[in-house]
Amino acid sequence: MHGRPRKAPKPEDEAASSAKAQKLRALQTQFFTFHHNKIYTKEAVELSAKLLEINPESYTAWNYRKLAVEHYLNLPDCNPDSIKSVLDDELRVVENALRQNFKSYGAWHHRKWVLSKGHSSIDNELRLLDKFQKADSRNFHAWNYRRYVAESMKRSEQDELKYAEDMIYTNFSNYSAWHNRSVLLSALFEKKAGGFLLKEKVLPEEYEFIHQAIFTDPDDQSGWFYHLWLLDQTVTTDSPLLASSWPGHGSDVLLVGDRCYNGSAFSPFSALHSDSGSFPIVLYFNQPVGGVNSSTVTVECGFNKNEDLFWKPLSASNSQTARVWVAHLKVPSSDLHSTVEVSVGHSKGIISTRGFVYSHPSMFSFKVHVQPMERDSSQVSVAENISLREENFKVYGTQSEESIIDSFDQLIIKNGHETTASNWRFEALAKEIECFRELLSLVDCKIGKLTLARLLKAYDAMSYPFANKLVHSEEVLELYSDLMKLDPTHYQFYKDEHSIVLLQKVTSSKESLLQHCFQYKDSASSAICDPICLRLNNLSLSRMGAFEKLLWVQMLDLSHNELQSIEGLEAMQLLSCLSLRNNKLRSLTALEPLRKLKSLRILDISYNQIGDQSIDTTSSIGSRNSKMNQKLL
Amino acid sequence: MDDIPPYPPIDPTTFDLIVIGTGLPESIIAAASSTASKSVLHLDPNPFYGSHFSSLPLADLPSFLSSHSTSPSPPRSPSSDDPNEFSLLEFATRPLYSSIDISTFSPNLLDQHSRKFNLDVAGPRVFFCADKSIELLLRTGTNQYMEFKSVDATFVGDNKGNLWSVPDSRAAIFKDKSLGLVEKNKLMRFFKLVQGHLAGEQDIKISEEDLQSPFVDFLNKMGLPPKIKSFILYAIAMADYDQEDTGVCRDLLKTKDGIDQLALYNASIGRFQNASGAFLYPIYGQGELSQAFCRRAAVKGCLYVLRMPVTALLVDKDTGCYKGVRLASGQDIFSQKLILDPTFKVTLPSGSSPPLPLKEKLPFFSLKDDKGKIARGICITKTSLKPDISNFLVVYPPRSLFPEQVTSIRLLQIASNLAVCLPGMFVLYISALCNDDDQGKKLIHAVMNTLLTVPLDSESNAAVQSETAENGSAVQDETSESSSGGPSDSGEEKPTLLWSALYSQELTLGQVDFICSTPMPDGKLNYNDLIDTTFKIFQEIYPGEEFFPETSLENPEGDGDASPET
């Protein structure tokens with residue numbers, strides 16, 4: 001039962017419990033003798049029942065009874081009547097045990113086991129459940145078992161939905177009931193049963209319903225949990241989509257040997273230094289997918305056979321699903337101007353972790369220009385000399401803005417087919433936003449602020465490819481800043497969210513992105529082409545995000561932030577130079593994503609907290625990194 | 001009363017206390033005094049228990065009302081020259097009811113089954129599950145003589161015939177379909193504030209200044225919309241008068257009292273597992289309550305004699321002190337103390353004033369000053385006012401039916417499952433405070449016209465009809481207006497009235513009595529005020545005695561033969 005204060009035991013309670021323990025010990029000793037000697041006489045089985053009635057938690061006793069049942073069922077003179085009586089006995093024992101403690105895992109499990117034998121009537125189970133759920137409507141054991149029973153009985157989801165609704169009306173502080181509702185609705189969405197065909201019809205009604213609970217008592221958490229589920233249902237598109245790629249559609253990739261090509265007409269965004277004779281193609285999906293291979297993704301070009309391409313998932317865990325997939329395309333070392341076409345998902349096979357098939361085939365193409373290698377000894381060590389000092393950066397010039405505009409637009413894949421299908425999602429989100437603004441005007445409520453922030457963020461994310469602007473990002477940032485102050489316990493969570501929104505804002509438009517783009521110009525260096533460095537320093541970021549917009553970055557300055565993790569950085573396959581100076585990285589394992597960055601040449605991780613000490617590690621960076629990843633330097 | 005059967009003489013002839021009338025306050029005093037080991041004689045001129053708190057068969061109600069509506073017949077034997085050492089002061093009854101209208105629209109049906117009805121004389125009345133009367137019942141063990149059922153819901157009515165459920169709990173607010181989200185939030189926050197305040201939580205304390213201010217001002221300060229304010233004031237705190245019109249409001253509720261009322265209501269909901277609403281109603285009617293206390297008193301040795309009118313008060317000729325009473329049987333019974341039903345009064349011999357010592361000694365208790373009247377109505381129908389629910393309360397807040405309505409009108413529907421009427425029928429009790437009979441009639445009729453179909457081909461007194469037509473002007477304006485837009489008007493048929501009784505009851509005592517009189521049925525929905533007053537009377541007559549000491553529960557009498565005598 002809930003909401004009952006715990007009372008200190010009175011002396012007589014303690015006496016009673018010690019008497020109980022004594023009785024229990026005697027029973028147990030005897031029981032174990034029977035159990036170990038495999039004695040399944042009537043007397044022995046009854047003893048185990050007695051034991052379970054006092055202590056329903058005794059797993060061994062439940063298992064013993066299972067063995068006993070099997071023993072009886074395998075007797076040669078076994079007939080349907082005797083089977084029934086044996087199993088009915090079991091149900092009775094379980095019921096008695098549950099009366100003692102209706103939250104006993106062992107007892108509920110045993111009951112399930114007995115019913116799975118298929119000899120007992122299931123009709124009685126609902127009646128029993130009604131009794132238990134009336135006694136404690138939030139008993140999740142009973143709700144779990146109810147789902148099992150309802151399924152066995154083939155009781156309709158609608159009937160169960162009605163039951164859950166009645167329970168909610170009795171008391172809406174009921175996680176189990178709301179949870180059951182979400183499970184049932186999910187099942188109905190999947191079944192596409194009549195009336196539940198469309199999420200867009202059901203979800204607005206569900207929002208309306210949950211508002212009643214949230215507005216009545218914003219302090220009650222169960223309603224918020226259900227709302228979060230609804231939001232997830234609204235935002236998540238079932239089938240995975242390609243969010244961005246590198247190279248972008250219509251872009252020109254310039255591959256040079258060990259130095260940039262001077263006087264190029266190409267944007268520095270797409271000039272790539274490569275001495276390995278290959279360059280990566282990166283696919284960035286909106287959710288983790290599996291099944292990306294040369295048959296689901298075809299790359300057509302004049303110089304490389306599609307079958308030779310090996311697609312690799314980029315994820316922290318070594319699972320076969322990831323949001324980011326990479327393949328390396330080999331290029332000949334001669335002059336080349338060629339068009340590459342990449343088709344994603346034209347043959348089925350890409351599938352999301354939630355089991356949805358990639359069903360919107362898309363295609364992008366780009367041009368590759370290869371400059372022959374020019375070995376020049378004076379330039380070889382340019383990488384080693386790079387130093388990310390303030391005086392080495394200059395604001396990225398406006399002279400090449402044209403090309404940047406192009407490049408920027410090429411960063412995003414536009415999924416036009418989503419516009420019409422998503423209208424109801426927009427409407428639902430807009431309505432929710434209005435609703436929670438109203439709630440916040442009435443009460444100061446942390447979870448309300450968090451929800452509004454989530455809603456605004458979801459709305460922006462959904463409208464982004466069309467609106468080209470994140471209209472609510474300022475408001476979202478403010479909400480998270482507010483929450484950091486209001487709720488210090490969850491500071492880090494809000495900080496992380498704040499960081500990601502900030503990054504999304506920075507990367508949302510070319511104007512804002514340009515403010516962070518600098519040309520690297522080392523006074524000592526004679527390099528003709530100045531590489532572009534994205535400087536996201538001093539933003540007090542605690543997490544990285546917005547990777548789908550940053551796949552092109554080769555030089556990244558993340559110094560003077562509060563990064564504790566660089567999770568997701570593995571998506572930035574072109575990174576060759578990275579500064580993580582002055583952050584809060586605590587261990588080498590936090591640097592794990594760097595293992596997957598094959599082009600990384602320069603890394604600064606000085607002034608972090610690796611080894612719990614904030615020490616200058618610049619001097620030993622080489623050795624540290626070589627320990628960590630020999631390929632890094 | 002004219003036809004008194006021969007009485008066996010009562011023995012003994014001397015008691016500590018004589019109580020006349022078996023209304024609730026008298027019955028409680030009889031029970032409390034008996035429990036305090038006093039010898040008590042409890043008399044009632046009626047052949048039933050409960051007096052003005054009784055529940056009567058349908059045919060008996062009109063005669064009971066009219067017997068208390070006219071001035072009593074002159075004393076039968078005005079023999080002031082009594083040979084004894086006593087002066088005789090004749091008893092008379094004070095008229096309590098006026099403008100009684102009985103209308104029958106289905107005479108056969110009702111006449112044949114008169115005894116199947118138990119109609120409360122002082123309805124509508126309920127028990128709050130957590131109120132003083134329930135505590136008293138439990139403490140005294142009197143609950144064993146009664147059975148209750150839950151009054152399942154409270155509604156607020158409007159002039160279009162709609163009944164809006166009162167969101168009186170968290171679950172009810174959640175479920176309510178008529179409240180907006182903002183209203184739900186504000187209401188729930190208000191409830192939480194009150195709960196926090198009552199629980200003594202540190203950070204949510206309502207300031208003393210607020211507590212002393214009018215409740216309606218506090219509700220305004222909390223930003224509650226008018227609809228919710230009205231719910232709280234009239235359907236939960238049960239205020240009688242328009243709280244926003246200080247000109248007419250005679251019971252301006254302070255925040256402190258309002259919050260106490262909310263606390264009572266809140267504690268009532270869910271106190272008993274099988275009572276879904278805040279209220280209880282006794283099976284067989286409210287009359288059971290007085291009778292239960294009489295049984296309680298009888299168990300403790302109180303002597304009961306019904307059908308026994310009392311004709312005169314015996315006063316010591318020399319000292320003017322009370323000595324005893326003369327019964328209609330002619331027997332004189334003596335006691336130290338006397339408690340009288342409020343309808344009795346003592347007629348002084350013409351030209352004489354009460355002996356001085358008596359005057360000083362006895363008038364220790366008097367009821368409050370002019371409180372006007374209460375209009376009551378009892379209606380019987382064959383269909384429930386609301387489908388799927390049979391026992392419920394409806395409140396019409398001031399000015400909800402017509403602009404001149406300054407008091408709340410309350411209506412209680414009780415169904416046959418409470419054994420108050422024929423199976424399938426419903427009894428509606430309606431009441432409203434008023435200044436005079438006409439105003440009272442108008443209030444009761446306004447509710448009836450809104451909710452019921454009153455058949456025109458009645459064989460009964462035309463008074464009702466003309467009354468309806470007359471005051472209809474104000475009321476009908478509203479209803480005709482609503483018939484165009486009101487959704488409830490078009491669809492369902494209103495229940496048809498089968499029988500009705502309308503009457504006004506006095507709430508005032510014309511003179512300060514010099515004998516201890518118990519209070520009349522008041523205009524409240526529950527018994528709390530009556531029990532408070534009763535307790536005070538008990539303290540006055542037995543200052544040193546405990547009012548039902550706790551121990552009385554520990555030796556409950558078990559045997560069934562401990563029933564009141566008749």
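Visitor: Which residue in β15(B) is the bridge partner of B:R326?

Guide: B:D332 is the bridge partner of B:R326 in β15(B). Keep in mind that this is a predicted model. The general idea comes next. Strands of a sheet pair through backbone hydrogen bonds, in parallel or antiparallel fashion. Here β14(B), residues 322–327, joins β15(B) through 3 bridges, and the two run antiparallel.

Visitor: How many residues lie between the strands in the hairpin of β14(B) and β15(B)?

Guide: The hairpin has 4 residues between its strands. Look at B:G330 there: its phi is positive, near 95 degrees.

Visitor: Which strand of chain B runs parallel to β15?

Guide: That is β1 of chain B, residues 14–20. It is joined to β15(B), residues 332–340, by 6 bridges. To find the register, start at B:F15, whose bridge partner in β15(B) is B:S335.

Visitor: What sits in the segment before β1 of chain B?

Guide: B:P12 has its place there. Check the peptide bond between B:D11 and B:P12: it is cis, with omega about 5 degrees. A cis bond also joins B:G123 and B:P124, with omega about -5 degrees. B:P124 belongs to the loop between β6 (119–120) and β7 of chain B.

Visitor: What is the strand order of the open sheet that contains β7 of chain B?

Guide: The order is β7-β11-β8, with antiparallel pairing among the 3 strands. The edges are β7 (127–128) and β8 (148–151) of chain B, each of which pairs on one side only. Between β7(B) and β11(B), residues 279–282, there are 2 bridges. One residue to locate is B:F127, whose bridge partner in β11(B) is B:L280.

Visitor: Now salt bridges. How many are there over all chains?

Guide: First the principle. Side chains of opposite charge can pair when their charged atoms come close. The count here is 45 salt bridges over all chains. Take B:D101 and B:K441: their closest N and O atoms are 3.2 Å apart. B:D101 lies in strand β5 (residues 97–104) and B:K441 in helix α13 (residues 437–451) of chain B, so this pair ties together parts that are 340 residues apart in sequence.

Visitor: How many salt bridges cross the interface of chain B and chain A?

Guide: The interface has 4 salt bridges. B:R170 meets A:D217 in a salt bridge, at 3.0 Å from N to O. The chains also share 9 residue pairs in polar contact, counting pairs with both residues at pLDDT 80 or more. On the chain B side, the elements giving two or more residues are α5 (170–175) and α6 (181–198). The largest share, 8 residues, comes from α6(B). By type, the chain B side divides into 6 nonpolar, 1 polar and 8 charged residues.

Visitor: How many residues does each chain bring, and what area do they bury?

Guide: Chain B brings 15 residues and chain A brings 22. Together they bury about 1500 Å², with 60% of it on carbon and sulfur atoms. B:R170, B:F174 and B:L181 supply 47% of the area that chain B buries against chain A, more than any other three residues.

Visitor: What domains does chain A have?

Guide: The assignment gives domain 1 (26–120), domain 2 (271–372), domain 3 (423–507) and domain 4 (516–604). Use domains 3 and 4 of chain A as the worked case. Their centres, taken over C-alpha atoms, are 27 Å apart. In the contact, 11 residues of domain 3 meet 14 residues of domain 4. The buried area is about 1200 Å², and carbon and sulfur atoms give 64% of it. A:K495, A:L503 and A:T507 supply 40% of what domain 3 buries against domain 4, more than any other three residues.

Visitor: Which residue forms a salt bridge with A:K495?

Guide: A:E562 does, with the closest N and O atoms 3.6 Å apart. The count between these two domains is 1 salt bridge. Helix α18 (residues 491–506) of chain A gives the largest share of the domain 3 side, 9 residues. That side divides into 5 nonpolar, 4 polar and 2 charged residues.

Visitor: Where is A:K38, and what is its phi?

Guide: A:K38 is in the loop between α1 (11–36) and α2 (42–54) of chain A. Its phi is positive, about 55 degrees, although A:K38 is not a glycine.

Notes:
Residues numbered from 1 in each chain as written. Chains lettered and ligands numbered in written order. Predicted model: local features only at pLDDT ≥ 70, side-chain atom pairs only at ≥ 80, totals over all residues. Heavy atoms only, no water. Pairing = 2+ DSSP bridges. Domains from an automatic or database assignment. Contact = heavy atoms within 4.5 Å. Buried area = accessible area lost by both parts, 1.4 Å probe. Salt bridge = Lys/Arg side-chain N within 4 Å of Asp/Glu carboxyl O. Nonpolar A, V, L, I, M, F, W, Y, C, P; charged D, E, K, R; others polar. Polar contact = N/O pair within 3.5 Å; in protein donor to acceptor, adjacent residues only side chain to side chain.
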